[in-house]
Structure formats: structure tokens, C-alpha cells
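Let's take a friendly walk through this structure, one region at a time. Keep the viewer open so that you can follow along.

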Amino acid sequence: MSQGLTEEQFLIERCDLNIQMNHSNHHTEQFGEDRLIVRRGHPFSITLLLSPDSKEFKAAETRLTFIVETGPLPRKDSDTMVSFSLSESTVDSEWSASANNQAGNRISVSINSSPDAPIGIYSLTVAQEMQKTFLGHFILLFNAWCPRDGVFMDSERKRQEYVLAQHGQVYRGTFKRIKGLPWNFGQFDTGILDICLKILDNNPKFVSDADRDCSARKNPIYVTRVLSAMINSNNDRGVLVGEWGDFTGGAHPGSWIGSGDILRKWAESGPVRYGQCWVFAAVACTVSRALGIPCRVVTNFGSAHDTDANLLIENFYDEDGERMSGGDSVWNFHVWVDSWMTRPDMGEEFSGWQTSDPTPQETSEGIFCCGPASVKAIREGELTKKYDVPFIFAEVNADIVDLVRLSNGEFIKFSGSTTSVGRFISTKAVGTDERRDITHHYKYPEGSTEERQVFEKQFPPGINKVFLILIFKIKLADNMSIGSNFEVNAILTNNCMKTKTCSFLFIARAVGYNGKQGESCGFASDKVEVPSGEERHLSLKLEYDSYGGVITSDRLIQLSAITIDKQTIDFHKAEKTIVLDEPDIGIKLLGEAKVDQPVTAHLTLLNSLPEPLQNCSFTIEGLGLTDGKVGTVGPKEEAKADIEFRPSSAGPSMLLVNFDSNKLKNIKSFINIFVQQ
């Protein structure tokens with residue numbers, strides 16, 4: 001490896017990077033053993049094998065200088081090139097090295113990286129006077145185990161969950177029917193880390209100033225903000241194309257069950273079609289965990305999209321109760337990620353979980369990105385803090401106001417809510433597949449003095465008050481599975497002192513999870529007279545023949561009950577969104593799961609529809625993609641498949657199953673399994 005040495009120099013024949021031992025010490029063994037991957041701020045060891053002709057090694061008399069470099073233009077001023085000499089011991093706060101004569105011609109060297117070093121691919125070189133010897137490459141990641149790293153977590157259980165766990169749950173549905181979607185993050189899968197680093201190298205800031213960008217990768221705040229822009233493709237050739245309507249030319253967002261396929265497709269051919277919020281968030285979680293940033297996927301039920309930054313969601317109606325186009329929207333759910341880090345730019349009190357959102361909703365500093373915003377700043381209403389706190393504060397805190405446009409053009413407020421936004425904010429619990437409610441992290445309890453005080457920091461009291469003289473309640477059926485016919489009821493109670501006469505409307509309409517309304521699938525109306533203290537009921541039967549052809553794959557129906565009294569200019573409204581239950585997938589392993597040994601999964605699903613399902617198939621993901629085609633399944637018949645697969649690694653894992661057909665799409669389930677060696 002080296003030539004032209006003087007008598008005082010050593011001839012290094014080979015360098016052993018001790019990959020297996022270092023990976024075990026740095027919690028990177030799941031990446032495999034083909035190259036060295038370490039976490040910053042923690043020492044790793046290498047072994048220098050000297051030529052038998054080299055002189056005896058004595059650490060105190062040896063002048064060896066190690067050089068580490070990262071990025072295309074390494075510079076000392078940017079901390080992308082660092083040189084350091086052997087010393088008696090390593091130093092925790094900076095790059096350093098120490099050595100001892102291990103045995104004969106083998107020198108063991110301990111190298112400690114700075115806990116503030118930029119992450120990325122590094123070269124390692126040793127210099128003796130004017131002679132340099134290349135020792136190898138290594139990848140440096142953030143380190144949640146290092147107290148001096150900005151992403152340090154002091155709980156091993158949380159580090160296992162938020163850095164090392166490869167499977168998780170993403171919550172969807174409505175706040176009354178929350179359902180976990182199993183997801184394979186797969187951050188340790190072969191090739192994924194390289195793709196994550198490629199994402200950083202493709203971001204516009206790297207393209208415009210590679211030196212500055214690589215230097216800034218020491219900061220998890222910077223890296224997280226870059227990722228929130230690069231997971232979507234709106235301003236660059238990022239990972240995913242967002243689509244909420246026409247999915248021609250790509251995969252339906254609901255078909256994805258893991259991040260690996262998406263990231264590999266992006267690396268091969270650019271932006272992947274298509275994603276929606278939970279897909280953007282899950283991929284961002286994969287990339288963050290791969291780079292060493294603790295990360296969790298978070299779902300906000302009743303998530304406001306405040307387009308005009310007034311912290312109010314304004315819904316506009318005409319005098320006949322028809323919803324007018326435009327205005328703000330409330331998503332049935334919205335999914336983002338929280339990443340764990342300190343915030344030296346804001347103050348220690350704002351450290352901890354930071355929200356970032358890669359779904360392209362609004363621009364920030366001219367780019368479709370959002371965050372990282374301190375969860376503590378969101379809860380306290382500190383809207384001047386970086387980054388994008390006002391937008392996320394509105395997502396969990398905005399008040400809803402319903403306004404009707406009169407024939408003279410005037411708008412009057414007739415209904416609203418201070419409690420419909422930001423409900424049951426959910427993430428997977430540490431160490432289990434249970435849901436954890438973290439609403440209290442983002443906001444004080446609804447209606448509490450603290451919650452109103454935080455909101456009224458932005459607006460004076462009284463802007464959100466709504467006084468009702470008619471009380472609405474929508475009562476749902478017990479069984480609301482897709483394919484069934486069921487009845488819902490609107491109940492109107494008159495709590496004023498006089499009899500009320502009004503038009504009573506009950507409307508059912510398909511709706512997307514992002515609040516976008518579709519076609520009507522049910523309507524009932526009546527002219528009612530309601531004496532003081534009494535109630536009236538209006539029933540609406542929802543039949544599969546009416547809703548089956550108009551609902552989206554989200555399986556959501558929005559119910560709206562409206563009363564109209566044009567003479568007294570009196571309008572009232574109640575609204576509820578229902579999610580139709582889907583059939584369950586039965587999963588049974590026929591034998592023990594062992595590494596590289598075939599095992600069969602027996603899969604079943606009952607067709608709940610009153611019509612045949614065509615092009616039915618099961619897919620197993622996460623342990624080697626495997627398909628099981630079933631064909632056509634008649635009404636109330638069972639789809640069955642036996643699929644053989646071979647687990648590739650030992651230990652606990654998750655078997656993820658997807659069912660697809662022409663009518664029932666993207667139905668998912670899972671079981672936890674343990675793979676024997």
C-alpha cells in the first residue's frame with residue numbers, strides 16, 4: 001500500500017476495518033457486513049497490519065496523522081476534511097485517535113469521530129510525513145446513543161423503536177374508527193442507505209453549493225428540512241409525486257405497503273407515482289431512521305388545511321344548503337413525522353420532538369416543505385419560532401366556522417366548532433403494536449383554560465363562539481361494512497322556547513380523506529315543525545347500489561344534516577364522516593419460519609360485496625415480495641391462497657399481506673412472526 005518509506009516510517013500492508021465488531025458496538029449490524037457503518041461521537045477500531053520488515057511500533061514515538069474527508073470538495077473550514085494525530089487516548093468532543101501494539105505487526109487503532117461531524121460517506125487516510133496511505137471508506141450516521149449528539153435519546157426502549165425498528169403502524173380512518181396500517185420501513189434493507197444518501201446529494205442545495213450543503217449535514221435540523229422537501233417532487237426530482245384524483249400512469253397510493261420498493265424505483269428512474277400523506281410520511285421515517293435520526297409517524301384526525309393563515313376554517317354554503325366551492329378544508333386525517341433533536345437555534349425548552357411534513361401542501365421559503373417545528377412551540381402557540389409553526393398550529397387548533405351566503409350577497413355565520421380539529425393525534429406505542437394518543441403533546445385539552453389562552457394569543461376572545469338554538473345529532477348503524485345496506489338517522493332537537501318550522505335536509509356524499517367532496521350517494525328531506533323541547537327524526541338508507549360506484553378507496557361517506565328557515569334567516573348544520581369497514585384477511589402459517597427455508601402462509605378473505613370480485617390477488621411483502629393470484633371470487637364467497645416464501649434473516653419480523661381486486665382494493669393485514677436461525 002505504501003512505497004518510498006524512510007527508516008522511521010511503517011509499511012502498512014493492509015487495514016482491517018473490523019466491520020463485524022464495530023457494527024455490533026454502533027448498533028449498525030442490521031446493515032450487513034460489506035462495509036463499515038458507524039455512528040458519530042462513538043469510537044470505532046481499525047487494525048493496521050504492518051509489513052514484517054517494519055520497525056517496532058511505539059505509540060509515543062510514532063508520528064501518524066489520520067485524515068477523514070467527505071463530500072466532493074473536502075475543506076477544513078467546512079469540517080468536511082479533518083486531520084488528527086495519534087494521542088494517548090481519544091477525545092469525546094472531536095476527531096481523535098489512539099493506538100497500542102496489539103500483537104506483533106498488528107496495530108489496533110481507536111478512532112473517535114466528532115459528535116458534531118457531518119454525516120455521509122468518508123474516506124480514511126493515514127499520513128507519515130509526506131507519504132499517504134488510503135485505509136478505506138466508512139459511512140458516518142447520527143447517533144442517538146451519544147449524549148453529545150443533537151439526536152441523543154436517553155431511553156434504550158425508545159432508541160430501539162424510533163431508530164432500529166423496521167416495521168410499524170400508520171393510523172388512518174376517522175377519529176371514531178381508527179385503523180392501523182402495517183408498514184415495512186426497511187431502513188436496513190440492502191441498498192436503502194445508499195439511496196438515502198443519494199437523496200441528500202440530489203437536493204437543490206447540494207447542486208448549488210455542495211461544500212456548504214455537506215458541511216450543514218452535521219445539523220439534524222438542516223437534514224430534516226431537506227428531507228421534507230426531497231420526499232416530495234414538487235420543486236425537484238424528489239422521491240414521490242403526490243396525487244389525490246387520477247392515478248393513471250402510476251401506482252395507487254393505497255397499494256404501497258413498504259418504503260423499499262418506492263425508494264428503489266426512485267433510485268432507478270426518478271420520481272415515483274403516486275403518494276399521499278401517509279406514504280410521504282412513512283418514506284420520510286425510513287430515510288430519517290436510516291440516517292440515524294429518531295423518527296415516528298404521526299396521524300392527526302380532523303386536520304385543518306388553513307390556506308389564508310387566519311386560524312379559521314371557513315365553509316361557505318348557499319341558501320339551499322349546498323356547499324360552495326373554494327375556502328379551506330379539514331382532512332379526515334393527515335399524516336406527518338416527528339423527529340427527535342435539540343433546538344439550539346430556539347432554546348433548550350423547545351428541544352425534543354420536532355414535526356416535519358413532506359406532503360406538498362403549502363410552500364415554505366418558496367419550497368414545498370414544512371418543518372421541523374418544535375412540538376412544544378406548537379402546544380404553546382409560539383408562532384414566531386422556526387420552522388412553519390403557524391401552519392402546523394392551525395392543523396391541530398383551528399376553529400371551524402360555517403357561513404351561509406344570502407341572496408343579497410351577505411355572509412352570516414350559522415354554525416361551527418372549536419373541538420373538531422386536532423383529535424386523537426396518534427402514533428405507534430413503543431415496543432408494541434398498540435396505538436398511543438399524543439394529543440396532549442400538541443395541545444392542551446379542548447375547552448380548557450390553557451387551550452383557549454393559547455388560541456387567544458392569536459385572536460381576541462369571542463371570534464369562535466357559536467350559539468345554537470337547535471341541536472343536531474347523527475346516529476349511525478352498528479354494521480357499516482362495505483357491501484352492506486344500512487340506515488343512518490339525523491335527530492333534531494328544539495331547545496328554544498318557541499316552535500320551529502324549517503326545511504330538514506339529510507345528505508350523504510362520497511368524500512376523500514383530504515376532505516375533497518365527491519358525488520352524492522343519498523338524500524332525504526322533510527318540512528318539519530318542532531315544538532319546544534321536542535325532537536324530529538329523519539332517516540336515510542344508504543345502499544351499496546348507490547354508494548358502491550362513487551366512494552373512493554378511502555371508503556369514506558360524509559353525512560350532512562341541515563335545517564333552513566329562510567324567513568328568519570336561521571340555518572343549522574351537523575356533520576359526520578363514516579368509514580366503511582372492510583373484510584379481514586385471515587393469515588395462518590403452515591409450519592415454522594426458518595432462515596432460507598420455505599414456509600407457506602394460508603391466506604383468506606370473505607367477499608362482502610353483493611357482486612363478484614375479479615382479478616383477486618394476495619401479496620406478501622417484507623420477507624421477499626410474493627404474489628398469490630386467485631382470480632374471480634363470487635358474492636359472499638371466500639378468496640383463498642397458499643403462498644410460499646423464504647425468510648432472509650433471523651429474529652422477530654412482521655408478515656405484511658395485501659389483498660387487491662377490481663372492487664375491494666388495498667386491504668392490508670399482518671401478523672408478527674419469529675424467524676428461527
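**A helix and its surroundings**

Helix α8 makes a good starting point: its 15 residues should span 21 Å at 1.5 Å a residue, and its end C-alpha atoms are 21 Å apart, so the expectation and the coordinates agree. Bear in mind that this is a predicted model. As for its surroundings, α8 is mostly covered, with 15 of its 15 residues counted as buried. Just after the helix comes Gly292, whose phi is positive, near 100 degrees.

Where do those covered residues belong? The largest nonpolar core in the model has 64 residues, and Trp183, Trp278 and Leu291 have the most contacts inside it. Helix α8, residues 277–291, supplies the largest share of this core, 12 residues. In soluble globular proteins, nonpolar side chains tend to be buried together. Try centring your view on Leu291: setting aside residues up to four places away in sequence, Leu291 touches Ile119, Leu141, Phe142, Leu193, Cys196, Leu197, Leu200, Val223 and Leu227. Apart from the largest core lies another one, of 54 residues, including Val488, Val530, Val599 and Val675.

Next, have a look at a sheet. It is open and has 4 strands in the order β26-β25-β28-β29, with antiparallel pairing. The edges are held by β26 (517–530) and β29 (570–579); each has a single partner strand, so one side of each is left without a neighbour in the sheet. From one strand to the next, the twist averages 15 degrees. Within this sheet, β25 (residues 500–511) and β28 (residues 556–565) pair in the antiparallel sense over 8 bridges. To find the pairing on screen, look for Leu505, which stands opposite Ile562 in β28.

Now for a site that comes from a record. In an unreviewed entry, UniProt places the feature "binding site" at Asn397, Asp399, Glu446 and Glu451. These positions span 55 residues in sequence, yet no two of their C-alpha atoms are more than 12.0 Å apart, so they gather at one spot. Asn397 lies in helix α10, residues 389–397, while Glu451 is in helix α12, residues 449–456. Are these two buried or exposed? Asn397 has a relative accessible area of 5% and is buried; Glu451, with 3%, is buried too. Leaving aside neighbours within four places in sequence, Asn397 is in contact with Ile378, Val421, Tyr442, Lys443, Glu451 and Phe455. By the same rule, the contacts of Glu451 are Asn397, Tyr444, Pro445 and Glu446.

Finally, some backbone details for anyone who likes to check torsions. A cis peptide bond joins Gly371 and Pro372, with omega about 5 degrees, and Pro372 sits in the loop between β17 (352–356) and β18 (373–374). Another cis peptide bond, with omega about -10 degrees, joins Lys386 and Tyr387; Tyr387 is found in the loop between α9 (375–380) and α10.

Positive phi values are also found in residues other than glycine. Arg555 has phi near 60 degrees and lies in the loop between α13 (544–547) and β28. At 14% relative accessibility, Arg555 counts as buried, because the cut-off for buried is under 20%. Asn666 has phi near 55 degrees and belongs to the loop between β35 (651–660) and β36 (667–675). With 7% relative accessibility, Asn666 counts as buried as well.

Conventions:
Residues numbered from 1 in each chain as written. Predicted model: local features only at pLDDT ≥ 70, side-chain atom pairs only at ≥ 80, totals over all residues. Heavy atoms only, no water. Pairing = 2+ DSSP bridges. Helix = DSSP H or I, 4+ residues; strand = E, 2+ residues; numbered from the N terminus. Axes fitted to C-alpha atoms, helices over the stretch in contact; angles between N-to-C directions. Core = buried A, V, L, I, M, F, W, Y, C linked by side-chain atoms within 4.5 Å. Buried < 20%, exposed > 50% of the residue type's maximum accessible area, 1.4 Å probe, protein only. Contact = heavy atoms within 4.5 Å. UniProt positions renumbered as here; feature names shortened; annotations may be inferred. Expected span 1.5 Å × (residues − 1).
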